[in-house]
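Here is a friendly note for a colleague who is opening this structure for the very first time. Please keep the viewer at hand and follow the points in order.

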Amino acid sequence: ETAEIGKGYLRYVQNRARGESPVEWAADGAIEGGLGWVRLRTDYVHQDLDGIPPEAWGDLELLIERITNNLSVYCDPFSVKPTRRDARFMFVTEDLSNDEFTRRYPKADLASLDEWSSTGDPIAKAWCGPDTVRIAEYWRVENDVKTIELPDGRTRTVSKPIVRMSKVNAVQELPNQAGEPERFEWVGTRIPLFPVLGEELNIDGKSHLRGIIEEGMDAQRMVNYTYSGAVEMVALASKDAPMVPEDSIADYKAIWQTRNIYNYAYLPYKPVNVGGSVERPHWETHEPPIQALAHLLNVSEEAIKATTGVWDESLGKSNDKNRSGRAIQALQGQSDLGSSNYPDNVRRMLIDLGDEAMYIIPRIIRPGQMLQILGVDDAPKQVIIGQPHLEGQNGQPPTPVQPNEAAQYEKGMVKFYDFSKG
């Protein structure tokens, strides 16, 4: 039952995040550019404390949030696990206006551009522009190392990860409203930033991430060039300049110069005797190679499907007259297999996020705190954690029960959920 309550709470956390769809946003980033990020954080349950008992003022809850700019996260380049659980540090940057920076950090000095670049790093200019200041969350993992003695007399070294975060700019740790450095210690075991990867390749010992778009860029260039060339040829074909003796149109030059602007019923000219024969204007006509261009365009579009692995059948487009049902299913399966790493990476991220959440929940939930959960059918329900209680009926909240009173109820009526066990 406790496990079901835990899953119900995770469903509740995911449901609350549906408004900004952090997982879908990160998955889109992975498909398009090879990388997306999801953030896990805690916040106070009650923002308005009117009518809330004092013991609940500090109640915390988990939140899943999206990171809008996937490239604002700078991850430890030596982390190798697909969920980046082994990352020793990460940065998350944010650009603030000068006024917003001053409002958030009134105790900090808004250094000039020259002062920022005086550290010897010209890149520091990107941290302070004429109108904006860049700040960053600096996450790092430190280890509390202890040596313990085993029952058989041997010793072993135990390393406990400690995750810390500080708000920094290019030169200092930012002070909060009270003038103290803005920093805190995270309750989890890893940096709470979870990547959704696209396709990860190892090139010369370095990790290279890419999405579907990169693989089809050259083929897309072929399509662009072919379309542009076809349009250019067709456009120029209708403007072929006629071969005209100058004297034959001298009196009608204005009409001939606007022949491609206005649809004249006829173009007048004056017959001119050249070498004993009368010359009249004639057109040099040629047919643009439309058929060849259409063939090249078709080949280019097929190249996009081949490089991305996304065929018409996977998009719901098919020509049943040309292919059998088995052939269509085979092509759909080919597309699914070629892109199966993307949903696999999403699931991998969710599993790691769920593991971290189940580690954090017992450490932020106080005994007696009421949790909102969702059942398998998304039905809302309230439960109390770490204290005996009776389940609420007809949408009513649960009723706490003192431990010395639990024995007077029938077996199974009193519920007790302890996330710190098991």
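1. Let us begin with a pair of charged side chains. Arg190 and Asp352 meet in a salt bridge, with 2.6 Å from N to O. The two come from distant parts of the chain, 162 residues apart: Arg190 sits in the loop between strand S7 (183–186) and strand S8 (193–197), while Asp352 belongs to helix H10 (residues 341–364). Please keep in mind as you read that this is a predicted model.

2. Are these two partners buried or exposed? Both Arg190 and Asp352 are buried. They also have company: salt bridges that share partners join Arg85, Arg190, Asp352 and Glu356 into one network.

3. How many salt bridges does the model have? The count comes to 28. One of them is between Lys415 and Glu1, where the closest N and O atoms are 3.2 Å apart. This pair links distant parts of the chain, with the two positions 414 residues apart in numbering. Lys415 is in strand S17 (residues 414–415), and Glu1 is in the segment before helix H1 (2–16). The two partners are worth selecting one after the other: Lys415 counts as buried because its relative accessibility is 15%, under the 20% cut-off, whereas Glu1 is exposed, with a relative accessible area of 62%.

4. Another salt bridge to display is that of Asp95 with Arg134, whose closest N and O atoms are 2.8 Å apart. Asp95 lies in strand S4 (residues 89–97) and Arg134 in strand S5 (residues 132–149), so this pair ties together parts of the chain that are 39 residues apart in sequence. With a relative accessible area of 46%, Asp95 is partly exposed.

5. Stay with strand S4 for a moment, since Thr93 is found there too. Thr93 counts as buried, at 15% relative accessibility. Which residues does Thr93 touch, leaving aside its neighbours within four places in sequence? The contacts are Ser72, Tyr74, Arg134, Ile135 and Ala136. Arg134 on that list is the salt-bridge partner of Asp95.

6. Ala136, another contact of Thr93, is placed in strand S5. Ala136 is buried, with a relative accessible area of 1%. Beyond its neighbours within four places in sequence, Ala136 is in contact with Phe91, Val92, Thr93, Trp127, Ser166, Lys167 and Val168. If you would like a distance to check in the viewer, try Ala136 to Met165: they are 29 residues apart in sequence, and their C-alpha atoms are 9.9 Å apart in space.

7. Next, a helix. H8 covers residues 290–308, 19 residues in total. From its first C-alpha to its last, H8 reaches 27 Å, close to the 27 Å expected at 1.5 Å a residue. Its buried residues are Leu293, Leu297, Ser300, Ile304, Lys305 and Thr308. Why do they line one face of the helix? Seen down the axis of H8, these buried residues fall within an arc of 140°, so they share one face. As background, an α-helix has 3.6 residues a turn, so residues three or four places apart point the same way.

8. On the other side of H8, Gln291 and His295 are exposed. Val299, also in H8, counts as partly exposed, at 39% relative accessibility. Together with Met222 and Leu296, Val299 makes a nonpolar surface patch of about 230 Å². Just after the helix, Gly309 takes a positive phi of about 75°.

9. Lastly, two backbone details. Arg84 has a phi near 55°, a positive value in a residue other than glycine; Asp204 is not a glycine either, and its phi is positive at about 55°. Arg84 is found in the loop between strand S3 (73–75) and S4, and Asp204 in the loop between strand S9 (199–203) and strand S10 (206–210). Are they buried or exposed? Arg84 counts as buried, at 8% relative accessibility, but Asp204 counts as exposed, at 78%.

Technical notes. Residues numbered from 1 in each chain as written. Predicted model: local features only at pLDDT ≥ 70, side-chain atom pairs only at ≥ 80, totals over all residues. Heavy atoms only, no water. Helix = DSSP H or I, 4+ residues; strand = E, 2+ residues; numbered from the N terminus. Expected span 1.5 Å × (residues − 1). Buried < 20%, exposed > 50% of the residue type's maximum accessible area, 1.4 Å probe, protein only. Arc of directions from axis to C-beta. Patch = residues over 30% accessible without salt bridge, like charges linked within 9 Å, V, L, I, M, F, W, Y side chains within 5 Å. Areas by Shrake-Rupley, 256 points an atom, 1.4 Å probe, with all protein chains shown as cover. Salt bridge = Lys/Arg side-chain N within 4 Å of Asp/Glu carboxyl O. Contact = heavy atoms within 4.5 Å.
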